[in-house]
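Morning, everyone. I have one structure to show, and my topic is salt bridges. Let's put it up.

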Amino acid sequence: MNQAEQVLLQAIQKSLWNKDISFPEDADWNAVLKEAEDQAVLGIVIGVAPEKYQKEWRSRTGYVTANFVRILHYQSEICDLMKKHEIPMVILKGIAAAQYYPTPSQRTVGDVDFLVPREYIEDAKQLFVDNGYEVEDDPQYPRHVDIHKDNISFEMHRFFSDGDSGVEVDQYLFDGLFRAEEGSVYGSVFPMLPSKENGLVLITHIAHHLRVGLGLRQVIDWMMYVNKELNDEAWMTSFRETARDTGLETLALTVTKMCQMYLGLSNHITWCSEADSALCSVLMENLLSSGNFGNKRGTGIKVESTVSHLRRSGFRYLQQAGEYNWKAYHKHKWLKPFAWIYQIGRYAKQGIQERQSGNHMKENFKRGKRRGELYQKLKIGKL
């Protein structure tokens, strides 16, 4: 861990928990704030940076806040529209995670994710079309429907599990959807999952992003949820059994203890005390090197992801990925036995592109192998 990364973790602790921290006099704050930007946590740490750097970075931080307000407005618009037409929904991640932060607008938001019962999807699609939204429903990507308006992106989920991480949580989420509660941020009210199911979304989101590039934003979402909702009693009486049933228990324990070790989460939370400290350190190293959505690795993240998956699932992964990616198979189901061959060819093409773009294939392969080993140690999903 370099100095910029160390100072970033200290800055997060000072901002979120008001910890009394003295930063190194020789800290390169431009490097620290660039790390924060790569991790999508710039809004959290900008306030503890020296004044002269705040001025230099204020325009980028201002975008984080302005975008939060804009997203909140459009989220309210779709919530009102769905409520008026009696279509059930709940907000996932985003604002439903930001509510746990001491200052919600510090949390960088992108699009608006929401879950709708599958039997209401077609009615909801038509409702959005009738109200001026652009709707794209690509059968190649059945997990969600893409919706756009005024450069805001929405994802209307048919299901939340990606089917690839070994984690199946959808039945819990749909059960929770029909017991939806009200969340509120800056006076804007929205439907959200009950506490346990909302936390299940956040830890599943971490499991998913381990594949494509886990960053600090996803981890901090979980940490702030744990701080507000998951004390020892809540873990023992409610969450632990669900985490165990979905194959997420080891991940939840490890991430939570990692937050205590590096991000300032209170040690009064003891349910994670038996987690492996060495594994926590490996996980932190992994996410610091990846950045939010793996953007610090660029296209190299594809090779890592592929290798880690093959290490875990072998032929089964090749077959499933081929079925998912091969457009010809979607039209001609008799091609199914050859889907794994198509996927091998697809990876070969990506490997050539990696070399042409100047990425270090050998190092990406090694990192992918290490990430596959990390998956195994975290026991993600029912493997």
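Is Arg60 buried, exposed or partly exposed? Partly exposed: its relative accessible area is 39%. Keep that residue in mind; we come back to it shortly.

A word on what you are looking at. This is a predicted model. The chain has 383 residues, and buried ones make up 55% of them. The secondary structure comes to 17 helices and seven strands. The accessible surface is about 17,600 Å². Carbon and sulfur atoms hold 50% of that surface. Now contacts. Take those with a separation of 6 or more: 65% of them join residues 24 or more positions apart.

On to the charges. Side chains of opposite charge can pair when their charged atoms come close. How many salt bridges does the count give? Ten. I'll walk through three pairs and then a network.

Pair one sits inside a helix. Lys34 bridges to Asp38, with the closest N and O atoms 2.8 Å apart. Both belong to helix α2, residues 29-38. They are four residues apart, about one turn of the helix. How covered are the two partners? Lys34 counts as partly exposed because its relative accessibility is 39%. Asp38 counts as buried, because it comes to 14% and the cut-off for buried is under 20%.

Pair two brings back our opening residue. Glu37 and Arg60 meet through their side chains in a salt bridge, 3.0 Å from N to O. Glu37 is in helix α2, and Arg60 is in helix α4, residues 51-84, so this pair ties together parts 23 residues apart in sequence. Glu37 has 30% relative accessibility, so Glu37 counts as partly exposed. Arg60, as we said, is partly exposed at 39%.

Pair three is Lys93 with Asp113. Here the closest N and O atoms are 3.7 Å apart. This pair links distant parts of the chain, 20 residues apart. Lys93 is in the loop between β1 (90-92) and α5 (94-98). Asp113 is in strand β2, residues 112-115. Are these two buried or exposed? Both Lys93 and Asp113 are buried.

Last item, the network. Which residues does it join? Glu122, Lys125, Asp137 and Arg158. Salt bridges that share partners connect them into one network.

To recap the pairs: Lys34 with Asp38 within helix α2, Glu37 in α2 with Arg60 in α4, and Lys93 in a loop with Asp113 in strand β2. That's my slot. Over to you.

Methods:
Residues are numbered from 1 along each chain as its sequence is written. This is a predicted model: local features need pLDDT of at least 70, side-chain atom pairs count only at pLDDT 80 or more; totals for chains, interfaces and linings use all residues. Side-chain values use heavy atoms; hydrogens and water are left out. A salt bridge is a side-chain nitrogen of Lys or Arg within 4 Å of a carboxyl oxygen of Asp or Glu. Helices (H or I, at least four residues) and strands (E, at least two) are DSSP runs, numbered from the N terminus. Buried means under 20% relative accessible area, exposed over 50%, partly exposed in between (1.4 Å probe, protein chains only). Contact means heavy atoms within 4.5 Å. Accessible areas come from the Shrake-Rupley method with a 1.4 Å probe; for residues, only the protein chains shown count as cover.
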